[in-house]
Amino acid sequence: DLTVDLAKAKGFEVDARSFEENLLKQKDRSREARQTVAYDPEKIRTAHTAAHLLNAALKRVLGFQVHQMGQKIEVKTFRHDFNFERKLTPEELLQVEQLVNDAIAKDLPVKVEQTTFEKARSLGAEALFEEKYQSVEKVTIYRIGPDPKTGEYASQELCGGPHARATGELKRFKIIKEEAVSAGVRRIRGEV
């Protein structure tokens, strides 16, 4: 309305109908572009795989009492919630980030296997919602590795995917932010 009034005062006329039509077309193009990016399977796979590596790195740096409490995978970024009582030091954050990037540099294979929940747990696989997995006949375990030098797996988790085929697809990992979510729960925002 303001644009129409200002244009009229200057002796111009606004084609409101064309404006509305073009505005709707632009909104549609914008929505389609967002959906294309949001569902790019390649980017989702790399972020999902990075989240697994981050979870394993946190355990190595902070202790095996640390467990994933939640996660949200987005395009190229993700957030990872975990139980821990205090803010991580800059040195701990750097160490976690370096462990993830070391696994990426090794270009470790990401293998998927169907097995029973009991066997997956005996292999040391992490599971966010154990009660969900206990009631199913077969579970899917993603194993990153093994490292050719040590024979150890970088990560073993029950998950529904999708994941990269090898860690080298991730290129690099960066911790964007570490913050408190609630008492005893921290959040790391990561980017690949």
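# Close-up views of a predicted model

**View 1. Helix 3 and its surroundings.** Helix 3 is mostly covered, with 18 of its 22 residues buried, where buried means under 20% relative accessible area, exposed means over 50%, and partly exposed lies in between (1.4 Å probe, protein chains only). Helices (H or I, at least four residues) and strands (E, at least two) are DSSP runs, numbered from the N terminus. This is a predicted model, in which local features need pLDDT of at least 70 and side-chain atom pairs count only at pLDDT 80 or more, while totals for chains, interfaces and linings use all residues. Residues are numbered from 1 along each chain as its sequence is written, and side-chain values use heavy atoms, with hydrogens and water left out. From its first C-alpha to its last, helix 3 reaches 31 Å, close to the 32 Å expected at 1.5 Å a residue; the expected span is 1.5 Å times one less than the number of residues. Just after helix 3, G63 takes a positive phi of about 120 degrees.

**View 2. The open sheet of strands 1, 2, 7 and 6.** This sheet of 4 strands has the order 1-2-7-6 with antiparallel pairing, and two strands are said to pair if DSSP finds at least two bridges between them. Its edge strands, each pairing on one side only, are strand 1 (68-73) and strand 6 (174-182), and the twist averages 20 degrees from one strand to the next. Strand 1 and strand 2 run antiparallel and are joined by 5 bridges, with Q68 standing opposite F82 in strand 2. The hairpin of these two strands has 3 residues between the strands, and there K76 takes a positive phi near 65 degrees. Strand 6 is joined by 7 bridges to strand 7 (residues 185-191), again in the antiparallel sense, and A180 stands opposite R186 in strand 7.

**View 3. Helices packed against this sheet.** Helix 3 (residues 41-62) lies across strand 1, strand 2 (77-83) and strand 7, and runs at about 30 degrees to strand 2. Helix 4 packs on the sheet as well, touching strand 6 and strand 7, and its direction makes about 125 degrees with that of strand 6. For these angles, axes are lines fitted to C-alpha atoms, for helices over the stretch in contact, and angles run from 0 to 180 degrees between N-to-C directions; contact means heavy atoms within 4.5 Å.

**View 4. The nonpolar cores.** A nonpolar core is a set of buried Ala, Val, Leu, Ile, Met, Phe, Trp, Tyr and Cys residues joined through side-chain atoms within 4.5 Å. In the largest one, which has 30 residues, L54, L58, L62, F82 and F173 touch the most other members. Helix 3, strand 2, helix 4 and strand 4 are the elements that give two or more residues to this core, and helix 3 provides the largest share, 9 residues. Not counting residues up to four places away in sequence, F173 touches several residues, among them A50, L54, F78, V100, I104 and V192. A second, separate core of 7 residues includes F117, A120, V139 and L158.

**View 5. The open sheet of strands 3, 4 and 5.** Here 3 strands form an open sheet in the order 3-4-5, and the pairing is antiparallel. Strand 3 (110-115) and strand 5 (155-158) are the edge strands, each pairing on one side only, and the twist averages 20 degrees from one strand to the next. Strand 3 pairs with strand 4 (residues 139-144) over 6 bridges, and Q114 stands opposite T140 in strand 4.

**View 6. Backbone details in the loops.** Most residues other than glycine have a negative phi, and most peptide bonds are trans. In the loop between strand 4 and strand 5 lies P146, which a cis peptide bond joins to G145, with omega about 5 degrees. D107, found in the loop between helix 4 and strand 3, is not a glycine yet has a positive phi of about 50 degrees, and D107 counts as partly exposed because its relative accessibility is 44%. K171, in the loop between strand 5 and strand 6, has a positive phi near 70 degrees, and K171 counts as exposed because its relative accessibility is 68%.

**View 7. Confidence along the chain.** The mean pLDDT of the chain is 86, and 89% of its residues reach 70 or more, pLDDT being the predictor's confidence in each residue, from 0 to 100. Confidence is highest in helix 4 (residues 90-105), at a mean of 97, and lowest in helix 6 (residues 130-134), at 63. Where pLDDT is low, the predicted coordinates should not be read in detail.
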